[in-house]
Amino acid sequence: MTPGDVPRGDTDPVRARRARWARAASLGQRAGYGAFGVAVVAFALGVVTGLTDAVVVVVIGALAVGSLVLAPAIVLGYAVRAAERDDREQGR
């Protein structure tokens, strides 16, 4: 079971909320890394075809969006995993 999975029949509202946050963190990480991927591909294409203003805007925009989305998603993912680990250690 991965963080964010809630077993069927589990009615604990804290675990359900934590699962929603884990899914949000996963989605944010995918979006953030995807934006960085777009920036890398755009930069590589720009180097090959010529760095026009449009390419530079795409690269900078993708880097900015990736940074704004990825940083909180990573922190949130660590927080969810730490809470799950603490629950396991405390026997909850």
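Before I turn to the two helices, let me say that a helix here is a DSSP run of type H or I with at least four residues, numbered from the N terminus. What we have in front of us is a predicted model, and I will go through the surface, then the charged residues, and then one glycine.

On the surface, Phe-43, Val-47, Leu-51, Val-56 and Ile-60 form a nonpolar patch, and together these residues have about 460 Å² of accessible area. Helix H1, which runs over 13-49, and helix H2, which runs over 53-90, each supply at least two residues of that patch. One of the members is Val-56, which sits in helix H2, and because its relative accessibility is 34%, Val-56 counts as partly exposed.

Let me move on to the charged residues. How many salt bridges does a search of the whole structure find? The search finds two, and I will take each of them in turn.

In one of them, Arg-18 pairs with Glu-84, with the closest N and O atoms 3.2 Å apart. This pair links distant parts of the chain, since Arg-18 belongs to helix H1 and Glu-84 to helix H2, and the two are 66 residues apart. Are Arg-18 and Glu-84 buried or exposed? Both of them are buried.

The other salt bridge joins Arg-18 to Asp-87, and here the closest N and O atoms are 2.7 Å apart. Arg-18 lies in helix H1 and Asp-87 in helix H2, so this pair ties together parts of the chain that are 69 residues apart in sequence. Salt bridges that share partners thus join Arg-18, Glu-84 and Asp-87 into one network.

Asp-87 deserves a few more words. With a relative accessible area of 13%, Asp-87 is classed as buried, because the cut-off for that term is under 20%. If we leave aside its neighbours within four places in sequence, Asp-87 is in contact with Arg-18 and also with Arg-92.

Finally, I would like to draw your attention to Gly-66, which also lies in helix H2. Its relative accessible area is 0%, and Gly-66 is therefore buried. Which residues is Gly-66 in contact with, leaving aside its neighbours within four places in sequence? They are Gly-32, Ala-35, Phe-36 and Ala-71. I would also mention Gly-28, which is 38 residues away from Gly-66 along the chain, while the C-alpha atoms of these two glycines are separated by 9.1 Å.

Conventions
Residues are numbered from 1 along each chain as its sequence is written. This is a predicted model: local features need pLDDT of at least 70, side-chain atom pairs count only at pLDDT 80 or more; totals for chains, interfaces and linings use all residues. Side-chain values use heavy atoms; hydrogens and water are left out. Patches are made of residues with over 30% relative accessible area and no salt bridge: like charges are joined within 9 Å, nonpolar side chains (Val, Leu, Ile, Met, Phe, Trp, Tyr) within 5 Å. Accessible areas come from the Shrake-Rupley method with a 1.4 Å probe; for residues, only the protein chains shown count as cover. A salt bridge is a side-chain nitrogen of Lys or Arg within 4 Å of a carboxyl oxygen of Asp or Glu. Buried means under 20% relative accessible area, exposed over 50%, partly exposed in between (1.4 Å probe, protein chains only). Contact means heavy atoms within 4.5 Å.
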